[in-house]
Amino acid sequence: MAHILDEELYQAGMAIAACPTAAYHEGHVRACLLERLAELPHLTTRLDEFGNLHASYEYAAQGREAFRVVAHMDHPAFVVVRGNGPAEVQFAGGVMETYFAGKSITFHNEETKRPLGRAMIASVDFTEEAKRVRITGEIPAAATFAVWTLPRARCTKRLFIGPSCDDLAQVSTVLALLRRLALGGAKASVHAIFTRAEEVGFAGALAALKSATPLAPMPTLSLEMSKARGFARIEAGPVVRVGDKLSIFDSRVTHWLETAFRDLAEQRPGTVYQRLLMGGGTCEASVFQRAGLPTGALCVALNNYHNMGPGQSIRAESIALRDWQGLYDYLFFLATGAKSVAEADALIEKRFALLEAKALAALRKA
């Protein structure tokens, strides 16, 4: 099927989408990232002591605004809990209880991407302590986690459809961006954190702030796939997310992001974006905001959020190719051609200085 995606983005998207994942079981995603980022010029990677993957691209970046992007490697899924008693399945993530009964799940472990078996869900018992899932049949002896049984990722003319766009499509965005910068020898300073276990309370992001290697202060951008709801529309462009359910993000960073979109639109007519709160949930940007880092967020509107389709069906998630490609191109521009935060801020200061002068003159005459 023909599609509009840049080949680097398409290849990254398909490779990452093929990785089964769950909170605390992100090994396949991390391995794929390490393989595709290996031996690229001017790019380094490291794992922190909590298993988050950090990647940094730095080359001839004088005059360029250094920034950090964050995307999480997990997706709502099932984990196998083994203890003194029988093994049990628990759900790790946010999906309404009415979606489970009668659905199929596929078991995996970190050693192989090959499925280890399937089971049907009989019922669920969600409490504050745990989200227990009862299945028909046995849990495979080698299984450590399971995912919804869904078709493989694919592109149509308009959509990328995959089992876990949130947030693996944004993981792919960052992977493709880093490869594009490195293979093209771009003058830029871009840093990435691929975090763990976001879906169960921002575990990886919170841990990254407690790492023995502290995070350098720089604009930190959470990249998410967020539910298309309210004013957020599919195919209306990527979203400058001014806040989430918990926080309003740094106004200077948000203005910088918007300034870059406007400048890109002047160079590339047809560039579109949305500026929205996206208050349906909380994202990792709130974690970094509360830690004192200058924080912003970008996202793409998502269909079938957390695989919750119409009528309690479990469906693949989907995003518009136009929105995804638009974000990817924008991030490259942000890294290589956009004004700095200070330059964007100076535009506001100049505007207000002019308004102030006019206001004072007018009021003194009144």
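Two strands pair here if DSSP finds at least two bridges between them. The model on screen is predicted.

**Stop 1: strand E9.** Select residues 145–148, which form strand E9. Add residues 104–108, strand E6; E6 and E9 run antiparallel and are joined by four bridges. Within this pair, look for Phe107, which stands opposite Ala146 of E9. Next add strand E4, residues 77–81, which pairs with E9 in the antiparallel sense over two bridges. Here Val79 has Phe145 of E9 as its bridge partner.

**Stop 2: the E10-E11-E17 sheet.** Select the three strands of this open sheet, whose order is E10-E11-E17 and whose pairing is antiparallel. Strand E10 (154–155) and strand E17 (317–320) are the edges, each having a single partner strand, so one side of each has no neighbour in the sheet. Between E10 and strand E11, residues 159–162, there are two bridges. Arg154 is found opposite Ile161 of E11. Now show helix H7, residues 321–336: the helix lies across E10, E11 and E17, at about 65 degrees to E17.

**Stop 3: Asp166.** Select Asp166 in helix H3, which spans residues 165–184. Which side chain of opposite charge is nearest to Asp166? Arg241 is, at 8.4 Å; Asp166 has no salt bridge, although the residue is buried. A salt bridge would need a side-chain nitrogen of Lys or Arg within 4 Å of a carboxyl oxygen. The side chain of Asp166 does make a polar contact of 3.3 Å with that of His72. Expand the selection to the residues that Asp166 touches, among them Asp74, His75, Glu199, Glu224, Tyr305, His306 and Glu317.

Methods:
Residues numbered from 1 in each chain as written. Predicted model: local features only at pLDDT ≥ 70, side-chain atom pairs only at ≥ 80, totals over all residues. Heavy atoms only, no water. Buried < 20%, exposed > 50% of the residue type's maximum accessible area, 1.4 Å probe, protein only. Lys, Arg positive; Asp, Glu negative; His and termini not counted. Polar contact = N/O pair within 3.5 Å; in protein donor to acceptor, adjacent residues only side chain to side chain. Contact = heavy atoms within 4.5 Å. Axes fitted to C-alpha atoms, helices over the stretch in contact; angles between N-to-C directions. Lists of a residue's contacts leave out its neighbours within four places in sequence.
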